[in-house]
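Let's take a walk through a protein fold, one piece at a time. Keep the structure open beside you as you read.

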Amino acid sequence: MIQTLMKLPSYSVAVVLCILSTLWLSTTSNPIIENFLKCLPDQSHSNYSISEAIYTRQNATFESVLLAYVRNGRYHTPTTPKPLAVVTAKHESHVQATVICAKRHGLQIRIRSGGHDYEGLSYVSHVPFVVLDMFHLRAIHVDVADESAWVESGATVGELYYEIAKKSKVHGFSAAAGPTVGVGGHFSGGGYGVMMRKYGLTVDNIEDAKLINLNGSILDRKSMGEDLFWAIRGGGGASFGVILSWKIKLLPVPAKVTVFNIGRTLEQGATDILYRWQHVAPKLPKEIFIRAMPQVLNTSLGNKAVEVSFIGFFLGQRDELLTLINGSLPELGLQKTDCIEMSWVESTVFWADYPVGTSIDVLLERPEGPTDNFKGRSDFVKEPIPKRDIESILKDLLKIENLWMQWNPYGGRMSEISESETPYPHRSGNLFMIQYQIAWEEEGIGATNKYLSLSRKFYEMMTPFVSKRPREAFQNYRDLDIGANLDNQTIFKIARLYGSKYFEGNFERLVRVKTEVDPQNFFKHEQSIPPLSQDYLV
């Protein structure tokens, strides 16, 4: 066998060894996983048994537990690497035990709160690993008098919105439009929402946090220090430890807000409106957020057509919004009948794409498993795109069909916060951020390669119109194509590739913090922050 391996190219040897290692690790007599499992009860609190929180491949429900928070079908295939165990922590001591025992016995951990990592990094690895699943840790404590709330990492933003609304009709929070997103990763990556132009990002409204570090200790803002507290608010918590909970600042909202959703086809002037939108939307009052969403839809005649949806949110009432929009963007043709007044929490249901009038109870739903396969990307635009190029972009979109874009306006509060205030650097100077997403239902590697290629070609076509040197990207729309440390290596120059795009000048400070708190790089994944160490390739 050894002689055979020696005749193979080095890459092939690595693949074969990886396969053999995986087969060995999957056996029931594997000492690494056995020792890890024996270690867990010794390191967790005796009053909170960890045994019922552990699922190994020998458990009948292992597959369903793993699949429940897999959000991208691309990472649920027969060849997708699976963890040796899933620890569904029910107490903070279970998290401490998982960190201590994984470190002691040479296992990598992947930390999952909502499972929305676009590249599946919260539940997939190519080395022996366990998943630390946080979904049981979802407690939310709202203190209206203090205008704050503590929220555990396993909660979803929908659950947070629901709990805030139970206590107050005039408070909200600036976070994702998707209610099933877990707060652990969403907050730590610099999550945004429709109030970003008024209040900034999630990370701009976090007052404290509890984190479990490399040694299994629980730290708050005071004990972790300001450097680490800075790093986890936009630098991605999974590079530095396990976030247990966040303390957030509740944000004032009026008793009634206004929303609208208007679709315009090319024949209805979508190109002209979108051209004007990029000049106007970033300069509107902070209380207004208008997303432009180009996509391909089926017409009543059975044809395909490009439609741009203009989806609006206003921290105020209908009549004031009409005056502001029709004075600044008359091309949109906003009518009084287009505008709907509702409570802030009802607007979160609207933005989750539910019909008007849907009960806010949908915010508590947790759908299980992936609905489709997808690939996401992101861009930042600093100069208006010429009208002729917008027309070309929309026509190219029609050729792909399965791809949509979201153009999210900046300005307002986003332009007032320094790019170094948090690790999230995309502040002043940006007109809007683009999210691209292509989705498909077909199974198999052929279909996957086809749609990934289409996504890549469209992304390349957008190159002239977006930020440059570096071409910036949003960490929460993770994209391994911009750089990734594969094969469990940490090559600093590769980390600098993706790090400069996600964090720009803040990357160096993140590296210094990482070197201080996790010099041996225990908390790692394909796009984690690397430490500075002679033990790593440079």
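How many residues does helix α14 have, and how far does it reach from its first C-alpha to its last? The model we are looking at is a predicted one, and in it α14 runs over residues 387-400. That makes 14 residues, with a reach of 21 Å, close to the 20 Å expected at 1.5 Å a residue.

## Helix α14 and its two faces

Which residues of α14 are buried? They are Asp389, Ile390, Ile393, Leu394, Asp396, Leu397 and Ile400. Because these residues cover an arc of only 160 degrees around the axis, they end up on the same side of α14. There's a handy rule behind patterns like this: an α-helix has 3.6 residues a turn, so residues three or four places apart point the same way.

Now look at the face turned away from the buried side of α14: it carries the exposed residues Arg388 and Lys399. The buried residues, on the other hand, have plenty of cover, including the helices α11 (270-280) and α15 (445-461). Strands help out too, among them β13 (288-298), β14 (304-314), β17 (403-409) and β18 (432-440). Just after α14 comes Glu401, which takes a positive phi of about 75 degrees.

## Strand β18 and its partners

Let's follow one of those covering strands. β18 is mostly covered itself, with eight of its nine residues buried.

It pairs with strand β16 (residues 373-381) in the antiparallel sense, over nine bridges. To spot this pairing, find Val381, which stands opposite Phe432 in β18. β17 and β18 also run antiparallel, joined by seven bridges. Here you can look for Met405, whose bridge partner in β18 is Tyr436.

## A sheet of five strands

In what order do the strands β5, β6, β8, β9 and β10 line up in their open sheet? The order is β5-β6-β10-β8-β9, and the pairing is antiparallel. The edge strands are β5 and β9 (218-219), each of which pairs on one side only.

Start at the β5 edge. β5 (residues 140-143) and β6 (residues 148-152) pair over four bridges, and Val142 stands opposite Ala149 in β6. These two strands form a hairpin with four residues between them, and Glu147 in the turn has a positive phi of about 50 degrees. Moving on, β6 pairs with β10 (residues 242-249) in the antiparallel sense over five bridges, with Glu152 opposite Ser245 in β10. Helix α6 (residues 157-167) lies across β5, β6 and β10, running at about 35 degrees to β5.

## A sheet of four strands

Another open sheet has four strands in the order β1-β2-β4-β3, this time with mixed pairing. β1 (54-56) and β3 (108-112) stand at the edges with a single partner strand each, so one side of each has no neighbour in the sheet. On average, neighbouring strands of this sheet are turned by 20 degrees against each other, direction ignored.

For a closer look, try β1 and strand β2 (residues 85-88), which pair in the antiparallel sense over three bridges. Tyr55 stands opposite Val86 in β2.

## Helix α17

Back to helices: which residues of α17 (residues 507-517) are buried? They are Phe507, Leu510, Val511, Val513 and Lys514. Seen down the axis of α17, the buried residues fall within an arc of 165 degrees, so they line one face of the helix.

Those buried residues pack against α10 (226-232) and α16 (492-503). On the face turned away from the buried side of α17, you'll find the exposed residues Arg512 and Glu516.

## The nonpolar cores

In soluble globular proteins, nonpolar side chains tend to be buried together. In this model, the largest nonpolar core has 124 residues, and those with the most contacts inside it are Phe187, Ile232 and Trp246. Apart from that core lies another one, of 28 residues, among them Ala53, Val130, Val242 and Phe522.

Terms used. Residues numbered from 1 in each chain as written. Predicted model: local features only at pLDDT ≥ 70, side-chain atom pairs only at ≥ 80, totals over all residues. Heavy atoms only, no water. Expected span 1.5 Å × (residues − 1). Buried < 20%, exposed > 50% of the residue type's maximum accessible area, 1.4 Å probe, protein only. Arc of directions from axis to C-beta. Contact = heavy atoms within 4.5 Å. Pairing = 2+ DSSP bridges. Axes fitted to C-alpha atoms, helices over the stretch in contact; angles between N-to-C directions. Core = buried A, V, L, I, M, F, W, Y, C linked by side-chain atoms within 4.5 Å.
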